[in-house]
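Biologist: I should like to learn how the strands and helices of a protein model are read. Could we work through one example together?

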Amino acid sequence: MLEPAERYKGLPTYTLAKVLQDRDEKVRQGVDVIDLGVGNPDLRPPPRAIEALKAALDDPAVQNHRYPSFNGLPEFRGAVAQWYQRRFGVTVDPATETTACVGSKEGISKFLLAHFDPGDTLLLCTPCYPAYIGQAAIAQIRVVEVPLDPKRGMLPDLSAISTAEASRAKAIAVNFPNNPTAAVETAEFYAELLGFARAHELFVLSDIAYCDLSLDSSYRARSFLEFDRAKERTIEFHSFSKSYSMQGWRVAMATGNPEVIQRMVRMKSNMDYGVFMAIQRAAIAVLSGPQDYCAEAAALYRRRRDAFLEAIAPLGYPVEPPKATLYVWLPISRRSASSMDFTRELLEQTGVVVAPGSGFGRAGEGFVRVALSDTEQRLSEAGARMAKAGLRY
């Protein structure tokens, strides 16, 4: 019999999988389920993206249906460079310092496989996007979790990382605005992070997938490349999935150190091909055009956030309104033994689906992630159902 590989044996179970199975069973039973578990935007992409895709599909002069280049169209990389300049004031060489990815998850995979041997150490700030945990397992990387600290505004306490672990690690991974906690970075923290990385010869993996979903007028997300302008030790990922609601299109960008970009492209050339060219042309139209779509999407998520928080206010949950992303990081009821127990109780008693915090790393236990991926009315109803069921904090 064919036995599974060690890398397969080390893969974690996707925590949300059981929740989604339970959700589907409730739907089969006729329950009116409100699904706030998956961060899957329900908005349509920008019209200019759809129009550009249609034009690219039918373009008789340019054959967009052939194999795409591994690193992305020159026009795509040029649009990324222009976007970085406009958005963050960061200069990017489109020829060497950026590449197209089939979503950030694919880019993260290529980065890890190109730079980590089995047993190498990664410092991973948690709670985090579960893909980091899974991709590290596939690459057989030793992960040291660095908890986001509530006393520091959900920023990691870098001073708590032992010198031995910092010296042993190859890189540290950060994601701000954060999935799942909605925590946001500060200029002071990024400056501290760069100093820490230099002191311990660490590379920085930065993920800014939610940088244009600000829910608070006082907050404007930063790029870590604003601090490491020489791209000495940074790779940064940004996706079209959340800011532009193009998650099914699978297109993202990786920008940073040119040698690292080159290695990722070489790894990719041995594993798959690039992003479908018609999708790249649609992405170019989105990046190069007005960014009012992002502002409108953020305003919609802000209204949804407020509707949900207003509905659960009588229940006493201590939660600050998130300043960014499309998530609310909600502490579980004090009567619940774990985030998974609370998730199951919530589904059983109210028909509301959320994601258990334990699926985002050990530091996520004690919380659930609520995705603002339904209408204001449905989010208000979700809170009203919690109130009716007596699910107080």
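Modeller: The discussion below takes the sheets first, then the helices, and then a single residue. Please bear in mind that this is a predicted model.

Biologist: What holds the strands of a sheet together, and in which order do the strands of the eight-stranded sheet stand?

Modeller: Strands of a sheet pair through backbone hydrogen bonds, and the pairing is either parallel or antiparallel. In this structure, an open sheet of eight strands follows the order β2-β9-β8-β7-β6-β3-β4-β5, and its pairing is mixed. The edge strands are β2 (98–101) and β5 (155–156), each of which pairs on one side only.

Biologist: Which strand does β6 pair with over five bridges, and in which sense?

Modeller: Strand β6 pairs with strand β7 (residues 203–207) over five bridges, in the parallel sense. Two residue pairs show how this is read: A173 has L205 in β7 as its bridge partner, and N175 has D207 in β7. Strand β6 is also joined to strand β3 (residues 121–126), by four bridges, and these two strands run parallel. There, L123 stands opposite I172 in β6.

Biologist: Is β6 largely enclosed or largely open?

Modeller: Strand β6 (residues 169–175) is largely enclosed by the rest of the structure, because six of its seven residues are buried.

Biologist: How do the helices relate to this sheet?

Modeller: One helix links two of the strands just discussed: β6, helix α8 (residues 187–199) and β7 make a right-handed β-α-β unit. Helix α8 lies across β3, β5, β6 and β7, and its direction is at about 150° to β7. Another helix, α5, lies across β2, β6, β7, β8 (234–239) and β9 (252–256), running at about 160° to β8.

Biologist: What is the order of the three-stranded sheet, and which strands stand at its edges?

Modeller: The open sheet of three strands has the order β10-β13-β12, with antiparallel pairing. Strands β10 (327–331) and β12 (355–356) stand at the edges with a single partner strand each, so one side of each lacks a neighbour in the sheet.

Biologist: How many bridges join β13 to β10, and how many to β12?

Modeller: Five bridges join β10 to strand β13 (residues 367–371), while β12 and β13 pair over two bridges. Along β10, Y327 has A371 in β13 as its bridge partner, and L330 stands opposite V368. On the β12 side, A355 stands opposite R369 in β13. Four of the five residues of β13 are buried, so this strand is largely enclosed by the rest of the structure.

Biologist: How does one describe two helices that pack against each other?

Modeller: Two packed helices are described by the angle between their axes and the distance between the axes. Here, the axes of helix α3 (residues 47–58) and helix α10 (residues 277–288) come within 8 Å and cross at roughly 145°. The crossing of α3 and α10 is right-handed.

Biologist: Which residues meet in the contact of α3 with α10?

Modeller: From α3, the residues are R48, A49, A52, L53, A56 and L57, and they meet A278, I279, R281, A282, A285 and V286 in α10. The residues of this contact divide into ten nonpolar, no polar and two charged.

Biologist: At what angle do α5 and α6 pack, and how far apart are their axes?

Modeller: Helix α5 (residues 104–115) and helix α6 (residues 130–138) pack at an angle of about 35°, and their axes are 10 Å apart. The crossing of α5 and α6 is right-handed. In this contact, K105, I108, S109 and L112 of α5 meet A131, Y132, Q135 and A136 of α6. Five of the residues are nonpolar, two polar and one charged.

Biologist: Finally, how is one residue placed in such a picture? Is I284 buried or exposed?

Modeller: I284 is found in helix α10. Its relative accessible area is 16%, and a residue under 20% counts as buried, so I284 is buried. Position in sequence and position in space should then be compared. I284 and R77 are 207 residues apart in sequence, and their C-alpha atoms are 8.8 Å apart in space. Leaving aside neighbours within four places in sequence, I284 is in contact with E75, F76 and A79.

Key
Residues are numbered from 1 along each chain as its sequence is written. This is a predicted model: local features need pLDDT of at least 70, side-chain atom pairs count only at pLDDT 80 or more; totals for chains, interfaces and linings use all residues. Side-chain values use heavy atoms; hydrogens and water are left out. Buried means under 20% relative accessible area, exposed over 50%, partly exposed in between (1.4 Å probe, protein chains only). Two strands pair if DSSP finds at least two bridges between them. A crossover is right-handed if, with the strands pointing away from the viewer, the path from the first strand over the helix to the second runs clockwise. Axes are lines fitted to C-alpha atoms, for helices over the stretch in contact, and angles run from 0 to 180 degrees between N-to-C directions. A crossing is left-handed if the near helix is turned anticlockwise from the far one by less than a right angle, and right-handed if clockwise. Contact means heavy atoms within 4.5 Å. Ala, Val, Leu, Ile, Met, Phe, Trp, Tyr, Cys and Pro count as nonpolar, Asp, Glu, Lys and Arg as charged, and the others, Gly among them, as polar.
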